[in-house]
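Me: Before we discuss the empty space in this model, please show me the sequence and the structure.
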Amino acid sequence: MFSDEGRRLKMLVAVVIILALGLRYAWVAAHMQSGWRWCMEDPVARDGSSLVFPLWTVTAIDGPDRYRISKIIKDVPVEGDTSDLHEGATVSVVARFDAGRTLAVEQLRELHVLRKWKEGLGVLGFLCALAAAPFAFRWRSGRIEERSWRT
Amino acid sequence: MADLITHACTALLWKAASGGDRVAVLVAGVCVPDLVSRVPAMSLTWLRWSVPAIPEWLVYLWGPLHMPTGMIACAWLLSFVFPEAGRRAVFANLLGGAFLHLAVDLLQHHFGVGYLLLFPFSQWDFEFGVIGSEDTVRIVPFLVPFTAAVCWWRWGRRRPRPGPVAG
């Protein structure tokens with residue numbers, strides 16, 4: 001399983017497994033029996049359905065009680081207080097689908113005020129990892145080797 | 001996901017406590033799930049707002065790399081870029097790092113679904129939900145110096161050279 005015999009074939013098998021998992025996940029996500037798109041497929045029948053938008057980005061403020069959020073779907077209209085919101089903010093929203101007005105009526109919202117800091121730390125971590133990589137690993141004979149580490 | 005700084009610190013602390021080798025590989029393993037899953041998915045999501053022609057499935061494709069089955073396949077794939085000698089240890093550390101990453105992420109609370117730990121066999125989702133999704137940001141200012149001190153104590157101190165044999 002870990003030998004060099006058939007190494008390229010084993011790597012190909014791993015890639016195929018990863019692709020299969022990814023495609024299966026994409027299929028499951030596209031066929032979920034919930035969510036904004038599912039509600040919009042048959043709005044009247046799905047009026048009042050519960051909607052959950054975890055970690056979506058506010059992409060527009062349309063008034064004191066209207067805003068739009070985006071993630072995989074762009075500009076989902078939401079009814080809710082916008083006094084503490086701004087474009088680019090990250091929110092998690094639990095809402096109810098209103099078929100008559102074609103919008104999500106906010107019931108519960110969490111404003112993720114530290115999200116930008118978290119993303120910044122992610123970028124900083126990535127840059128630190130890039131900077132540290134040459135000290136931790138070396139390239140030799142087409143393979144990556146870990147440099148010696150004091151233990 | 002917690003931030004990469006927090007994840008890297010947990011890996012260093014784990015190795016400092018356990019005393020094992022392959023420190024850099026474990027740190028790489030703890031960073032890989034976000035780098036191969038979250039980064040492409042988030043980048044494609046943002047890009048898709050301007051370029052709607054990007055298919056939705058391409059955004060979801062990376063999701064399983066942040067789940068146990070995907071982590072196993074990814075660690076197996078990456079282990080082949082290392083020399084044959086010690087490849088099992090590399091695989092174990094890459095996978096250990098990925099599982100440590102998941103363990104830290106499971107502490108968080110999100111609205112909606114948690115982590116799909118049994119995908120593709122089940123869509124059961126789980127998370128402990130004991131900390132908020134950004135709470136690690138508050139911990140980082142304390143965690144980084146603490147980790148640096150532990151690493152210095154574990155690996156950075158000068159070892160006393162053996163002195164001349166008396167008598």
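Me: Which helices each supply at least two residues of the lining of the second largest pocket?

Reply: Helix H3 (115-136) of chain A does so, together with helix H1 (4-18), helix H2 (23-50) and helix H6 (135-156) of chain B, where a helix is a DSSP run (H or I, at least four residues) numbered from the N terminus. This is a predicted model, in which local features need pLDDT of at least 70, side-chain atom pairs count only at pLDDT 80 or more, and totals for chains, interfaces and linings use all residues. Residues are numbered from 1 along each chain as its sequence is written, chains are lettered from A in the order in which they are written, and side-chain values use heavy atoms, with hydrogens and water left out.

Me: What makes a space a pocket or a cavity?

Reply: On a 1 Å grid over the protein atoms alone, a cavity is a set of points where a 1.4 Å probe fits but cannot get out, whereas a pocket is an open set with protein on both sides within 12 Å along at least five of seven lines; lining residues have an atom within 4 Å of a point. By this rule there are 2 cavities of 30 Å³ or more.

Me: Why is one residue lining the largest cavity called polar?

Reply: The lining divides into 10 nonpolar, 1 polar and no charged residues, and B:Gly29 is among them; Gly counts as polar, so B:Gly29 is the polar one.

Conventions. Grid points are joined across faces, edges and corners, and a volume is the space filled by probe spheres set on the points.
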